[in-house]
Every structure is written in C-alpha cells, then in structure tokens.
Amino acid sequence: MTTTTLTAPAPRVSTGTALTLWITVGVLSALGMTYGLAAMHGLGISDGTTAMTPATSVGVAALCYLAAAATRTRWVAWLGVPVFSGLAFAGLMVSLPWWTLLAIAGGVLLLIGVLTGAGRISTIQALAMLGYFGVAVAALYLSPRVGLTLAALSLAAHALWDVWHYRRDVVVIRSMAVFCIGLDLTMGGLCVALAVIG
C-alpha cells in the first residue's frame with residue numbers, strides 16, 4: 001500500500017494585496033529619493049529639492065517604458081530602474097547638461113526599437129518621453145519654485161500614462177505601472193507642496 005502526501009498549493013497574493021504592496025513601494029521610493037537627493041547636496045528636503053528631482057524621475061520612468069517597448073520584453077522596465085538611474089547620476093559627472101545622457105539613451109532605444117521591428121510602439125513611447133521629460137527639462141531653466149512646480153506636475157501627469165498601461169496590461173508588467181503610479185503621484189505631490197511652501 002502506498003501513501004500519498006498531499007500538499008497545499010502555494011498561497012497566491014491577491015490582486016488587491018499586490019497592488020497595495022507595489023503602490024507602497026512606489027510611495028516609499030519617492031519619499032526616499034526626494035529626501036536622498038536633497039541630503040546628497042547636504043541640504044534639508046525643503047531647500048534641497050529642485051526641479052532636477054522630479055525631472056530625473058520622469059526621465060528614468062520614460063526610459064524604462066521605452067526600453068520595454070524597444071526590446072519587446074516587459075520585465076526589462078524593471079531592469080531599467082537601476083540602469084537609467086545610474087545613467088542620470090553619471091550625467092552629473094560630464095560636461096554636458098545631466099539630462100542629455102537620458103535623451104541620448106532615448107534616441108538609442110528608439111533606434112533599437114525600429115531595428116527590431118518594434119518601431120511603432122517604440123515611437124509612441126519616445127513621443128511620450130519627449131512630452132513628459134521635455135516639459136521637465138524645460139522646467140530646469142525656470143525660476144526655482146516655478147520650475148519645481150512644472151517638473152513635479154509633469155511627473156504627476158506621468159501617472160496617467162502608468163494607469164493607461166496598467167488598465168490595458170501592455171508594454172510593461174503591471175507591477176511596474178503600479179509602482180510608478182505610487183512614485184509619480186507621491187513625488188509629484190510632495191514637490192508641488194515644497195514649491196508652494198518654499
């Protein structure tokens with residue numbers, strides 16, 4: 001006589017729980033990045049938060065979407081977070097404006113997308129990057145409070161792009177879209193508040 005041991009299937013995280021977790025990670029990342037970028041300059045959050053903070057975030061986010069589109073691989077968006085964040089910091093060490101490295105990366109990814117047959121979706125993502133990141137870069141050249149507000153609104157508006165992708169379940173995996181919603185709205189809202197009270 002043989003005995004069979006039955007094991008319960010591994011518990012699955014409910015969709016609502018997963019959404020809450022990814023939004024929470026996005027919110028905490030936004031708070032940490034905003035504080036960290038200010039502290040990097042030896043300043044408090046109210047004095048050290050400039051238009052560069054939300055502009056960097058929206059540039060990295062747009063590149064993550066573009067990388068996933070160009071490679072036709074949705075999880076590549078997550079790989080893009082450390083890669084493009086590192087590229088943004090590397091931009092601080094070159095003689096060109098820091099944002100030019102992100103713009104060049106966008107052009108390279110668009111070319112890759114065209115060459116791999118993903119030209120249409122890559123072009124859409126590149127145009128989104130041009131819109132969101134373009135507004136944020138323009139904000140760098142305005143007065144500090146106005147620039148911070150405009151760059152923050154551009155980042156917060158990117159949450160609409162995240163929602164669109166989440167609802168249609170396209171280009172990036174849903175965890176990335178939800179994470180970005182939390183990050184974009186939190187950092188965008190915090191930066192607008194800092195611009196108003198600063």
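**Note on the core and cavities of a predicted model**

1. In this predicted model, the residues that line the second largest cavity fall into six nonpolar, two polar and no charged. The volume of this second largest cavity is about 30 Å³, and its lining is made up of Ala62, Tyr65, Gln125, Ala128, Met129, Tyr132, His158 and Trp161. Helices H3, H6 and H7 are the elements that each give two or more residues to this lining, and among them H6 gives the most, with four residues.

2. Turning to the cavities as a set, the structure holds two of 30 Å³ or more. The largest cavity encloses about 50 Å³ of space, and the residues lining it are Leu37, Met52, Thr56, Ala88, Phe89, Leu92 and Trp98. Here the elements that contribute two or more residues to the lining are H3 and H4. When the residues of this lining are sorted by class, six are nonpolar, one is polar and none is charged.

3. Which residues have the most contacts inside the largest nonpolar core? They are Leu63, Phe84, Leu109, Phe133 and Val172, within a core that has 49 residues. Two or more residues of this core come from each of helix H3 (52–71), helix H4 (76–90), helix H5 (99–115), helix H6 (119–139), helix H7 (144–168) and helix H8 (174–197). The element that gives the most to the core is H3, with 13 residues. As general background, nonpolar side chains tend to be buried together in soluble globular proteins.

4. Phe133 deserves a separate look, since a student can trace its contacts in the structure one by one. If residues up to four places away in sequence are not counted, Phe133 touches Ala55, Val58, Gly59, Trp98, Trp99, Leu102, Ala103 and Ala128. One of these partners, Trp98, also appears in the lining of the largest cavity, while another, Ala128, is found in the lining of the second largest cavity.

5. Is Ser57 buried or exposed? Ser57 has a relative accessible area of 6%, and because buried means under 20% relative accessible area, Ser57 counts as buried. Ser57 belongs to helix H3, the helix that gives the most residues to the largest nonpolar core. With its neighbours within four places in sequence left aside, Ser57 is in contact with Met33, Leu155, Leu183 and Met187.

Key
Residues numbered from 1 in each chain as written. Predicted model: local features only at pLDDT ≥ 70, side-chain atom pairs only at ≥ 80, totals over all residues. Heavy atoms only, no water. Core = buried A, V, L, I, M, F, W, Y, C linked by side-chain atoms within 4.5 Å. Buried < 20%, exposed > 50% of the residue type's maximum accessible area, 1.4 Å probe, protein only. Contact = heavy atoms within 4.5 Å. 1 Å grid on protein atoms, 1.4 Å probe; cavity = no way out; pocket = protein on both sides within 12 Å on 5 of 7 lines; lining within 4 Å. Points joined across faces, edges and corners; volume = space filled by probe spheres on them. Nonpolar A, V, L, I, M, F, W, Y, C, P; charged D, E, K, R; others polar.
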